[in-house]
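Biologist: Before I rely on any label attached to this protein, I should like to hear the reasoning behind each one. Please set the values against their cut-offs.

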Amino acid sequence: MQLYCNSLTEYKRLATLEVKVGDLLIGNFNPIRIQTMTTTDTMDTAATVAQSIRCIEAGAELVRITAPSKKEAENLLHIKNELRRQGYHTPLVADIHFTPNAAEIAARIVEKVRINPGNYIDKKKFETLEYTDAEYLEEIDRIRERFTPLVNICKEYGTAMRIGTNHGSLSDRIMSRYGDTPMGMVESAMEFLRIAEDLHYRNIVLSMKASNPQVMVQAYRLLVQTMQQELGHCYPLHLGVTEAGDGEDGRIKSAIGIGTLLEDGVGDTIRVSLTEDPEFELPVCRDIVKRYTNRQPEQPASSSPIGTLPYSPYAYKRRESSAADNIGDKQVPVVVADYQGNTHLQPSDLNAIGYTYDEPSDKWNIADAAADYIYCGAQTPSFALPGTLQVVVDATHWQTLADKQAAVPYFDASTYLDAIAAGQTAQKNFVAVACNNLDTTAVNALLTQLQHPDIARATVLTPYATGHNAMASIRRFFILLAENQLTVPVIIHSISQHATADEHLIHHATEAGALLLDGFGDGLWLSNHGPAQQATLNNIAFGILQATRTRISKTEYISCPSCGRTLFDLQETTARIRAVTHHLKGVKIAIMGCIVNGPGEMADADFGYVGSGVGKITLYRGKEIVKRGLNSDVAVDELINLIRENGMWVEKN
């Protein structure tokens, strides 16, 4: 199997062509560039210039501006001239969807144009089309005829291009042959790329965006593999999770998708798409990218080479594992809350992880996002815990307990081997494995012991690693388990050594999320160095599981970041919809500013709320229009009625 990156065990940037965007160089081992997109009306020159300046001063190295028609494309000249007059020379990117003539105007003005091959020439009507091979080739010839003028203009003016495929806005033609798949996304871009190559134009960046990080990551990996096999070289890649949403969830989803690829050296420029003012996207971009700035090589976790890769990085399949109580097999991943530093634990301390004690009734109220295990180190709680929460304590402390059924012991590999020899293990044992160096006597002896079914059935592994190579080291351990044909359940222990809450979030989402997207892990255990933040860590853990689609515990919002096409206040509307629907566990709601980011982009949402005119909303059930042209002041209530009519509404507790 040809890989999508240089190494699965150590960080190495993928070699890509160098693209010039104004004076900015992208790809070819240049720094990973960060960018954003304005949300103002492109015809409002002053507002767009002012917002662009705020973005540039927040760190944007490129600024993208929508140009939905010829008049907006023409106004880019006034925006550019005013920015240059004020001393700002950051390259501008025109965002084009349905209008080739607007792209051809913009390409003469700005430094880069972005086209979406799913709707640049083809139309999307959600029709099932049938083509013979000859008819399909005729459609490619039609694309060549319409696309060639833009390529020639870009060559003449030195303009760069992004061919930006979006999951869900694939053309009906691509959908009919490939389906709504990562491979369909790749082929959609490759059709345009092949034409550009024939015309000897290579100043191109590519993107494969989706609101689902799993789809997004698979599409980029397939794109790299396809370019390597077909062209013998790779174009620079623009990474992003489209319609990630806002707040913590949007940041988690973005870090998972973007970080998973950057961990393997794939990606040359990034944009974090949040339903917030665009300047707030840049600090998140910086937190993601700085993990890979001036990164020094680290020793791989194992000196033994990987033979046949025991999983496919191009299609999700959860690792097969045996069950140890409520961990592993086909059960949802568990969450371990880290209370090691908490002394004199009280019932109220568990509020942070989803458990609220009601003293009058002597009962616990349990939230959907409630942790399954609590690690207490060298102490045990002095009060009765809710029945769904189990205690994990250090093995040395467990040995002192009169009732050894009251807690799960936590060993390291060496002490677990000693306990096995002495017959001093429990029915279920957590075993920490340090993965920075897997070529140790203890690791090899543990793998040998786990070949015994009785020992394997009583073991839950909790691998961890530190340093820049942590994710790759834990992934190497999962591969080692597969090579030894071991199906012992595994809880990923992600340890952040960073200084700020934002950095902790990026760290956990990137490293744990990357492993979960590859199908690894039967649970999450997040720890930070420094003061305990149980509520934050619990939210991040469940957010990571939600974003990787491995455990659904809340409503999911697919919300576009707004732009000059948006037809209502996206941030205010998202907040209103979230306020009345946040309790609908597992329901996916898309909130889109316009038809460009409408039924296609919300590819796997259950319901859609889409701007269709100034103050007008169209509601969708899946990709089907249900109510058209609603006034925005009643549209949220109508969305609730639609959810209720489809049997997915529940009242708040």
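The following exchange takes up cysteines, charged side chains, backbone angles and distances in turn.

Modeller: Please keep in mind that this is a predicted model.

Biologist: How do you know that cysteine 5 is in no disulfide?

Modeller: A disulfide requires two cysteine sulfur atoms within 2.5 Å. The nearest cysteine sulfur to that of cysteine 5 belongs to cysteine 234 and is 11 Å away. The cut-off is not met, and cysteine 5 is therefore left unpaired. Cysteine 234 is likewise in no disulfide, its nearest cysteine sulfur being that of cysteine 5. The structure holds zero disulfides.

Biologist: What makes cysteine 5 and cysteine 234 buried or exposed?

Modeller: The term buried applies under 20% relative accessible area. Cysteine 5 has 7%, so it is buried. Cysteine 234 has 4%, and is therefore buried as well.

Biologist: Which residues form the negative surface patch?

Modeller: The patch is formed by Glu135, Glu138, Asp141 and Glu145. Asp and Glu count as negative, so the patch takes that sign.

Biologist: Why is glutamate 145 called exposed?

Modeller: Exposed means over 50% relative accessible area. Glutamate 145 has 63%, so the word applies. This residue lies in helix H4, which covers residues 133-157.

Biologist: How many salt bridges does a search of the whole structure find?

Modeller: The search finds 36. As background, side chains of opposite charge can pair when their charged atoms come close.

Biologist: What makes lysine 80 and glutamate 111 a salt bridge?

Modeller: The rule asks for a side-chain nitrogen of Lys or Arg within 4 Å of a carboxyl oxygen of Asp or Glu. Here the closest N and O atoms are 3.7 Å apart, so the pair qualifies. Lysine 80 is in helix H2 (residues 70-85), whereas glutamate 111 is in the loop between helix H3 (100-106) and strand E6 (112-115). The pair is 31 residues apart and links distant parts of the chain. Glutamate 111 has 13% relative accessibility and so counts as buried.

Biologist: How do you know that glutamate 281 and arginine 271 meet in a salt bridge?

Modeller: Their N to O distance is 3.0 Å, and the limit is 4 Å. The pair therefore meets the definition. Glutamate 281 is in helix H9 (residues 281-289), and arginine 271 is in the loop between strand E10 (269-270) and H9, 10 residues apart. Glutamate 281, at 1% relative accessibility, counts as buried. Arginine 271, with a relative accessible area of 3%, is buried too.

Biologist: Why is the pairing of aspartate 372 with arginine 551 called a salt bridge?

Modeller: The closest N and O atoms are 2.8 Å apart. With a limit of 4 Å, the pair is therefore accepted. Aspartate 372 sits in the loop between strand E13 (363-366) and strand E14 (373-377). Arginine 551 sits in the loop between helix H16 (534-547) and strand E21 (556-559), and the two residues are 179 residues apart. Both aspartate 372 and arginine 551 are buried.

Biologist: What makes Glu263, Arg291, Arg295 and Glu511 one network?

Modeller: They are joined by salt bridges that share partners.

Biologist: What is notable about the phi of asparagine 28?

Modeller: Most residues other than glycine have a negative phi. Asparagine 28 is not a glycine, yet its phi is positive, at about 55°. The residue is found in the loop between strand E2 (24-26) and strand E3 (33-37). Aspartate 362 also has a positive phi, near 55°; its place is the loop between strand E12 (355-358) and E13.

Biologist: Why do asparagine 28 and aspartate 362 carry the labels partly exposed and exposed?

Modeller: Asparagine 28 has a relative accessible area of 36%, which falls between 20% and 50%, and so is partly exposed. Aspartate 362, at 54%, is over 50% and therefore counts as exposed.

Biologist: Where is tyrosine 314, and how far is its C-alpha from that of methionine 183?

Modeller: Tyrosine 314 is in the loop between H9 and strand E11 (334-338). The C-alpha atoms are 9.5 Å apart in space, while the residues are 131 residues apart in sequence. At 11% relative accessibility, tyrosine 314 is under the 20% cut-off and therefore counts as buried.

Terms used: Residues are numbered from 1 along each chain as its sequence is written. This is a predicted model: local features need pLDDT of at least 70, side-chain atom pairs count only at pLDDT 80 or more; totals for chains, interfaces and linings use all residues. Side-chain values use heavy atoms; hydrogens and water are left out. Buried means under 20% relative accessible area, exposed over 50%, partly exposed in between (1.4 Å probe, protein chains only). Patches are made of residues with over 30% relative accessible area and no salt bridge: like charges are joined within 9 Å, nonpolar side chains (Val, Leu, Ile, Met, Phe, Trp, Tyr) within 5 Å. Accessible areas come from the Shrake-Rupley method with a 1.4 Å probe; for residues, only the protein chains shown count as cover. The place of a charge is taken as NZ of Lys, CZ of Arg, CG of Asp or CD of Glu. Helices (H or I, at least four residues) and strands (E, at least two) are DSSP runs, numbered from the N terminus.
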